[in-house]
6 protein chains.
Amino acid sequence: MPYVNIKVTREGTAPGAFSTTPEQKAALIKGVSDLLFEVLGKPRNTTFVIIDEVELDSWGLGGLPVLEYRELVSRAAPKDE
Amino acid sequence: MPYVNIKVTREGTAPGAFSTTPEQKAALIKGVSDLLFEVLGKPRNTTFVIIDEVELDSWGLGGLPVLEYRELVSRAAPKDE
Amino acid sequence: MPYVNIKVTREGTAPGAFSTTPEQKAALIKGVSDLLFEVLGKPRNTTFVIIDEVELDSWGLGGLPVLEYRELVSRAAPKDE
Amino acid sequence: MPYVNIKVTREGTAPGAFSTTPEQKAALIKGVSDLLFEVLGKPRNTTFVIIDEVELDSWGLGGLPVLEYRELVSRAAPKDE
Amino acid sequence: MPYVNIKVTREGTAPGAFSTTPEQKAALIKGVSDLLFEVLGKPRNTTFVIIDEVELDSWGLGGLPVLEYRELVSRAAPKDE
Amino acid sequence: MPYVNIKVTREGTAPGAFSTTPEQKAALIKGVSDLLFEVLGKPRNTTFVIIDEVELDSWGLGGLPVLEYRELVSRAAPKDE
């Protein structure tokens with residue numbers, strides 16, 4: 001009976017999406033449940049998977065809100081000659 | 001000073017409701033706080049109760065999003081003669 | 001299928017106990033499961049209850065580790081004449 | 001690589017705001033990341049900070065939803081002569 | 001930059017083990033990180049995976065501590081003729 | 001009444017320590033409580049801070065248990081001429 005909580009930023013990673021799509025959530029639920037069955041033998045029908053989407057300005061990394069952090073990192077990335 | 005987090009799917013269980021009603025939340029808050037006082041003697045005024053409602057497509061059980069899982073289970077349930 | 005997480009400080013509240021006893025944990029599990037059935041109609045056999053005990057020096061209130069906070073509060077409490 | 005989760009009630013504490021402002025969130029992210037660097041030497045670029053805002057009727061204290069608790073406390077507070 | 005928290009009961013599922021083995025934890029970490037890369041394109045080097053093992057008497061299902069629940073279920077299971 | 005949960009790996013960052021010291025925990029509790037007062041005006045005496053220490057083999061980054069990840073990164077780091 002595992003409990004798995006997945007937190008991701010609320011943004012689209014599929015074409016035209018602004019957040020995680022139902023299909024992507026279903027794939028995450030299936031993948032995690034299969035993984036826990038394969039690795040620990042945990043039955044899928046007592047495995048909870050909960051996905052939380054967090055607003056971009058509510059997620060910090062590098063001491064900055066994530067969008068600012070990504071900008072900082074991309075500016076610092078070496079430019080191709 | 002207990003901290004209690006209750007996660008439930010965002011759906012109505014009261015007539016006409018589409019999510020947990022304020023009255024139901026108040027009943028959960030009272031019930032949990034009373035329980036912690038009765039069992040562990042924890043004073044109610046330092047007991048936090050936080051209720052999270054999770055979208056149905058963000059909650060997985062049986063390797064499936066919960067609505068699909070419920071459908072699967074109801075189809076598999078023995079029909080009454 | 002609710003998920004309930006209860007966090008309490010690791011200390012005894014029953015005579016002679018140094019942490020939450022198995023009987024107290026069982027009472028919390030039963031009480032919470034019954035509450036979610038009574039208030040939201042959630043079946044007990046898909047209600048997860050997880051109890052975490054936190055070391056006293058890892059729990060802060062009032063900007064202090066909890067034992068120091070309790071001392072501060074008890075010193076500040078009016079003495080009976 | 002610390003993970004810090006901050007939960008606060010969804011309400012404005014800045015003039016005219018109805019929830020935590022982006023600037024306040026940025027200040028919390030910076031402050032927590034700096035703190036973990038200063039106290040534990042944890043590099044900021046592997047410190048996650050996630051801020052959750054919880055609806056007022058989903059947060060309980062004193063066995064009551066928080067707004068009712070605040071009202072109770074303010075009514076009980078000694079009035080200035 | 002996903003954050004994934006996996007909670008399982010502290011018990012062995014590998015021969016001779018009394019809890020989740022380091023190898024099993026490594027397999028869970030790899031599997032979840034790969035899954036988030038494949039489904040959402042999330043880079044592995046900003047994916048946190050945290051595994052919590054919960055004492056058996058601190059995990060409840062069916063209103064009972066998990067070991068009692070398992071016993072109840074196994075007693076109720078139809079015996080093979 | 002904020003709730004703050006800080007998760008860090010269980011390792012020493014102070015000389016001779018094998019985990020976070022009580023003094024470091026107290027500094028984190030004070031720092032976070034002060035921050036929430038300064039940024040959001042939240043009173044310290046209703047701010048919960050809970051610190052969790054996670055075993056090194058239970059924390060994953062880059063698809064690896066953290067010690068392996070650190071080794072990988074340090075091997076890949078450019079050597080000083």
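This passage describes how the chains of a predicted model are arranged and how they meet one another.

A helpful place to begin is a single chain. For chain A, the UniProt record, an unreviewed entry, carries the annotation "domain: 4-oxalocrotonate tautomerase-like" over residues 2-65. In the model, that span of chain A is 30% helix and 30% strand. The C-alpha atoms at the two ends of the span lie 31 Å apart.

Next comes the way in which copies of the chain are placed. Two copies of a chain are related by a rotation about an axis and a shift along it. For chain E and chain A, a turn of 180° with a shift of 0.0 Å along the axis lays chain E on chain A, and the RMSD is 0.0 Å. The two copies are therefore related as by a two-fold rotation axis. Within chain E, E:Asn5 has the C-alpha nearest this axis, at 2.6 Å from it.

What does the meeting of chain E and chain A look like, residue by residue? On each side there are 26 residues: 26 of chain E are in contact with 26 of chain A. Of the interface residues of chain E, 100% are also interface residues in chain A, so the copies meet through the same surface. The area buried between chain E and chain A is about 2,300 Å², and carbon and sulfur atoms give 75% of it. On the chain E side, the residues that lose the most area to chain A are E:Met1, E:Tyr3 and E:Leu40, which together account for 27% of what that side buries.

Charged and polar pairs also link chain E and chain A. The count between them is 2 salt bridges. One salt bridge joins A:Lys42 to E:Glu11, with the closest N and O atoms 3.7 Å apart. Residue pairs in polar contact between these chains, with both residues at pLDDT 80 or more, number 3. Several elements of chain E take part: strand S1 (3-9), helix H1 (22-40), strand S3 (59-61) and helix H2 (66-76) each supply at least two residues of the side that touches chain A. Helix H1(E) gives the largest share of that side, 9 residues. Sorted by class, the side of chain E that touches chain A has 16 nonpolar, 6 polar and 4 charged residues.

A second kind of relation is found between chain C and chain F. Here a turn of 120° and a shift of 0.0 Å along the axis lay chain C on chain F with an RMSD of 0.0 Å. The two copies are thus related as by a three-fold rotation axis. C:Asp52 has the C-alpha of chain C nearest to that axis, 5.9 Å from it.

How many residues does each chain bring to the contact between chain C and chain F? Chain C brings 12 residues and chain F brings 16. Between them, chain C and chain F bury about 1,100 Å², with 59% of that area on carbon and sulfur atoms. On the chain C side, C:Asp57, C:Ser58 and C:Gly63 supply 37% of the area buried against chain F, more than any other three residues.

Across the interface of chain C and chain F there is 1 salt bridge. F:Lys25 and C:Asp57 form a salt bridge, their closest N and O atoms being 3.0 Å apart. The interface of chain C and chain F also holds 5 residue pairs in polar contact, both residues at pLDDT 80 or more. From chain C, strand S3 (59-61) and strand S4 (64-65) each supply at least two residues of the side that touches chain F. The largest share of this side, 3 residues, comes from S3(C). By class, the side of chain C that touches chain F divides into 6 nonpolar, 4 polar and 2 charged residues.

Other pairs of chains complete the picture. Over all chains, the count comes to 60 salt bridges. Among the salt bridges is the one between A:Asp57 and D:Lys25, whose closest N and O atoms are 3.0 Å apart. This pair crosses between chains: A:Asp57 sits in the loop between strand S2 (48-54) and strand S3 (59-61) of chain A, while D:Lys25 belongs to helix H1 (residues 22-40) of chain D. Some chains, by contrast, do not touch. No contact joins chain C and chain D, and their closest C-alpha atoms lie 14 Å apart. Chain A and chain F likewise have no contact, with their closest C-alpha atoms 14 Å apart.

How values were computed:
Residues numbered from 1 in each chain as written. Chains lettered and ligands numbered in written order. Predicted model: local features only at pLDDT ≥ 70, side-chain atom pairs only at ≥ 80, totals over all residues. Heavy atoms only, no water. Least-squares fit on C-alpha atoms with pLDDT ≥ 70 in both. UniProt positions renumbered as here; feature names shortened; annotations may be inferred. Helix = DSSP H or I, 4+ residues; strand = E, 2+ residues; numbered from the N terminus. Contact = heavy atoms within 4.5 Å. Buried area = accessible area lost by both parts, 1.4 Å probe. Salt bridge = Lys/Arg side-chain N within 4 Å of Asp/Glu carboxyl O. Polar contact = N/O pair within 3.5 Å; in protein donor to acceptor, adjacent residues only side chain to side chain. Nonpolar A, V, L, I, M, F, W, Y, C, P; charged D, E, K, R; others polar.
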